[in-house]
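Let's take a friendly walk through this structure, from its strands and helices to its aromatic rings. Have your viewer ready and follow along.

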Amino acid sequence: MRYSMWQRSYGISATRSADLGNEVGYSAPEYGFDVNTAAVVRTIHAQSPDISQGVTRVGAQIGAGDQGMMFGYACNQTDELMPLPITLAHQLARKLTDVRKQKVLPYLGPDGKTQVTVEYRDGKPVRIDYVVIAASHTSEVVTPDGTHTTEEAKQDIVSEVVEPVVGHLLDEASTITVNGTGKFLVSGPQGDTGLTGRKIIVDTYGGWAVHGGGAFSGKDPTKVDRSAGYMARYVAKNIVAAGLADECLVQLAYCIGLVDPVSVMVNTYGTGRLADEVLAKLVRKVFPLSPHGIIDHLKLREPVYRNTAAYGHFGRSEFAWEKVDATEELLASASKAA
């Protein structure tokens with residue numbers, strides 16, 4: 001079985017300052033977008049009062065800012081308790097950014113995408129079948145006929161980006177494609193649009209686990225698409241970290257304006273040390289699942305969101321929802337339930 005996942009290396013939800021835009025890399029006309037000369041249009045209005053009356057309440061009773069289902073997932077394939085393909089895609093995207101910013105490959109632009117196809121045997125990852133890299137660049141590495149990225153530049157990307165990150169999983173049958181359309185000279189906001197809503201699969205589990213459909217970026221934490229998505233990951237990760245399952249999917253469902261989730265589901269795909277129904281009851285007991293409880297527990301009112309703009313929202317230790325600090329309480333509750 002082969003499984004593919006992809007990641008975009010630039011990823012900005014909103015450029016609020018020239019400093020941030022310059023840091024990302026859109027700082028010169030040759031990249032098609034220069035934050036230092038760009039105009040920013042802001043159109044801000046109040047939230048609908050029909051929504052606000054259900055969300056804004058006195059004290060700790062904050063209602064869910066939307067309805068829907070949110071999923072969180074964890075597995076023991078990597079140290080981060082994430083699926084291996086999306087972890088590798090994130091690592092490649094970071095490496096692509098690093099070699100650009102460190103001027104190892106100075107002709108690279110800030111727009112880039114990575115994709116990894118991993119082959120599994122008996123449920124275990126054994127090799128990489130395919131790697132796809134799309135790396136924007138300046139005209140200095142375009143062939144004389146103007147149609148392709150030069151072979152030398154492509155090989156540089158393989159040598160400096162692909163091999164250092166995933167070389168240990170490549171073999172003679174592995175395929176690597178760099179800039180499959182030919183070249184990537186027109187890039188970023190000049191070449192494409194679609195930042196609204198961001199990339200919900202790249203931001204989560206790369207398609208390995210199911211998704212409720214709601215994006216994270218651009219939403220305050222009363223929107224359970226974001227906050228409950230983070231909490232579901234936190235719950236699933238702690239269940240796996242506690243040794244209660246090798247793989248865990250957590251579903252939380254909410255009704256707009258109501259405080260408590262209308263559904264809590266756990267699926268361990270047959271790897272659980274306890275029945276899934278028992279684990280679901282433990283989740284309700286151990287974890288705060290109201291919007292206010294989630295916001296407080298995961299510190300979602302703090303300015304933590306800038307770093308979520310690239311390289312995914314999960315599998316990164318700097319975020320509170322990646323902590324595994326609930327394992328002891330889970331195990332204590334599990335021992336009583338057994």
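A good place to begin is the pairing of β4 with strand β8 (residues 247-254), which runs in the antiparallel sense over 8 bridges. To find your bearings in this pairing, look for Gly-72: its bridge partner in β8 is Val-250. Keep in mind as you look around that the model is a predicted one.

Now widen the view. Strands β4 and β8 belong to an open sheet of 3 strands, ordered β4-β8-β9 and paired antiparallel. At its edges stand β4 (68-75) and β9 (263-267); each has a single partner strand, so one side of each has no neighbour in the sheet. On average, and ignoring direction, neighbouring strands of this sheet are turned by 15° against each other. Helix α6 (residues 224-241) packs on the sheet, where it touches β4 and β8, and its direction makes about 30° with that of β4.

Another part of the chain shows the parallel sense of pairing. Strand β6 (residues 124-137) pairs that way with strand β7 (residues 175-178), over 4 bridges. Here Ile-133 has Val-178 as its bridge partner in β7. Add helix α4 (residues 151-166) to the picture, and β6, α4 and β7 make a right-handed β-α-β unit.

Next, turn to the side chains. How many aromatic pairs does a search of the whole structure find? The search gives 9. In one of them, the rings of Phe-216 and Phe-314 have centres 5.9 Å apart and planes at 70°; pairs with planes over 60 degrees apart count as edge-to-face, so this pair is edge-to-face. Phe-216 sits in the loop between α5 (188-191) and α6, while Phe-314 sits in the loop between α8 (291-297) and α9 (327-337), so the pair ties together parts 98 residues apart in sequence. Are these two residues buried or exposed? Both Phe-216 and Phe-314 are buried.

A further pair brings us back to the helix that packs on the sheet. The rings of Tyr-234 and Phe-287 have their centres 5.6 Å apart, with planes at 85°, so this pair is edge-to-face too. It links distant parts of the chain, with Tyr-234 in helix α6 and Phe-287 in the loop between α7 (276-286) and α8, 53 residues apart. Tyr-234 and Phe-287 are both buried.

Finally, step back to see how ring pairs join up: they link Tyr-73, Tyr-205, Phe-216, Tyr-230, Phe-314, Phe-319 and Trp-321 into a cluster.

Definitions and conventions: Residues are numbered from 1 along each chain as its sequence is written. This is a predicted model: local features need pLDDT of at least 70, side-chain atom pairs count only at pLDDT 80 or more; totals for chains, interfaces and linings use all residues. Side-chain values use heavy atoms; hydrogens and water are left out. Two strands pair if DSSP finds at least two bridges between them. Helices (H or I, at least four residues) and strands (E, at least two) are DSSP runs, numbered from the N terminus. A crossover is right-handed if, with the strands pointing away from the viewer, the path from the first strand over the helix to the second runs clockwise. Axes are lines fitted to C-alpha atoms, for helices over the stretch in contact, and angles run from 0 to 180 degrees between N-to-C directions. Contact means heavy atoms within 4.5 Å. Rings of Phe, Tyr and Trp (its six-membered ring) pair if their centres lie within 6.5 Å; planes under 30 degrees apart count as stacked, over 60 as edge-to-face and the rest as tilted. Buried means under 20% relative accessible area, exposed over 50%, partly exposed in between (1.4 Å probe, protein chains only).
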